[in-house]
Amino acid sequence: MAPLPSLPKFLFPNPLPRTDFTLHNLPFGVFSRTGSSMPRPTIGVAIGDKILDMRVMAEKNLVPPYFADFYLNPFMMAGRQAWSEVRERLQQYLSDSHPSSLSHRPDVVKEAIVEQKDVTMHLPAVIGDYTDFYASKEHATNVGSIWRSKENPLLPNWVHLPVGYHGRASTIIPSGQPVIRPCGQMLPKDADKPVFGPSKVLDFELEMASFVGGEFVAGDPVPLDQARDKIFGLVLMNDWTARDIQKWEYQPLGPFLGKSFATAISPWVVTLDALEPFRCTAPEQDPEPLPHLRHRGVDFPSYDIKLEVAVKLEADHSPETICRTNLRYMYWTIFQQLTHHASNGCLMRAGDLLGTGTISGKEKSSFGSLLELTWAGSEPLRFSNGQERKFLEDGDEVVMTGYAEKGPIRVGFGECRNVVQPSRVRGEPVV
Ligand SMILES: O=C(O)/C=C/C(=O)CC(=O)CC(=O)O
Ligand SMILES: [Ca+2]
Ligand SMILES: [Mg+2]
């Protein structure tokens, strides 16, 4: 099949220089028109710098009625076949030459095409449950070396299962929303008693996350060879973390208030169908996992997705890249994560979010958190304007981006961007 053009000519008579949101991509999100007196969440599909309003498309019977919903949960629940059929129809509507092309329907184009600059993006789904994994061997080895033991950085279970914890869904926020520096308990260096106050060691974690979809039955596992049909798509994720709160609270039950204050995701969900050309091998697993977690006869269980973190220090500073990594470095795949999660009979629901865990590579420049990049603050990062950072300061903005590219095909995730605001107690900054 000849590759699709990047964008349809009838909507983009002047080609855009480069876009994440090509005809190959067609990611789904939820937006509202900025400044409208009654903003209501509306499902949209990103195309170039525009959005196709799916409520308008549903009202005109061009797509199934669940696209008139506020959120993507009903579509996520509809399952793999519906996802692929809708994708095919959208590619026809947005092509220049197909008989169903919207180029023949200027009335629909007029109503259904919105400029991205005129909207506010929201969370794409009502997220019932959120789980985060710890699946990059490089990341787990780094954190284990820094906090526990250089000799034995990984606990014995790590190579046998994707370690995870149940996170907080209520504080998942979309890109663009500020992150308020959290308060909490921490143990100052050399002190024997904890103190309470704003975190001094605020960090990001570069991750991706899967939106789960399809129907699930409580008690039934998700066999690994069916897991691909139960993941709707992926987003970028920043698992904001207060290292001082985390370090004091985490034993023996794992992350809690050091992470539950904010988890940010990029607003456009890129479907696995769109990512199909970018499937790739995952790192070899040694020891071999137990049979239910073994990828049998699947050569390409991972995805080649390039990921970056940039930090903007002040208004006139342009974001500087501090990390470049790739989803393909992750030891436990997104499918093994889902299968492990459901292996005890735990009910998954369409719209649940599974964070991959921080994605670090082998090189220092590919570490996915400041804890690793500055080795717990002992090696500060230097920026071109002369400033240094061990961890994040108020006003710093973290910008995560990701894309996959092969020949003429580009599928990007847009960005996940949040600025740090000072800590608040009853609305007042804490001094
Ligand atoms: O090693 C630890 O004690 C904790 C590590 C984490 O920060 C947990 C986490 O969020 C896992 C991850 O993102 O990979
Ligand atoms: Ca994490
Ligand atoms: Mg977090």
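## Around V235

Leaving aside neighbours within four places in sequence, V235 is in contact (C-beta atoms, placed from the backbone, within 7 Å) with M208, A209, I265, S266, V269 and F413. This is a predicted model, where local features need pLDDT of at least 70 and side-chain atom pairs count only at pLDDT 80 or more, while totals for chains, interfaces and linings use all residues. Residues are numbered from 1 along each chain as its sequence is written, with chains lettered from A and ligands numbered from 1 in the order in which they are written.

## The big core

V235 turns up again in the largest nonpolar core: of its 110 residues, V45, V235 and L338 touch the most other members. Such a core is a set of buried Ala, Val, Leu, Ile, Met, Phe, Trp, Tyr and Cys residues joined through C-beta atoms within 7 Å; buried means 20 or more other C-beta atoms within 10 Å of a residue's own. Strand β14 supplies the largest share, 6 residues (strands are DSSP E runs of at least two, helices H or I runs of at least four residues, numbered from the N terminus).

## Helix α8

Now for L338's helix, α8 (residues 334-342). All 9 of its 9 residues are buried, so α8 is largely enclosed by the rest of the structure. Its cover includes β6 (130-133), β13 (206-212), β14 (231-238) and β22 (353-355).

## Ligand 1

What sits around ligand 1? There are 13 surrounding residues (C-beta atom, placed from the backbone, within 6 Å), and the closest are Y134, V143, E205, G357 and T358. Helix α5 (residues 137-147) gives the most to this shell, with 4 residues.

Key:
Buried ≥ 20, exposed ≤ 12 C-beta atoms within 10 Å, placed from the backbone. Contact = placed C-beta atoms within 7 Å.
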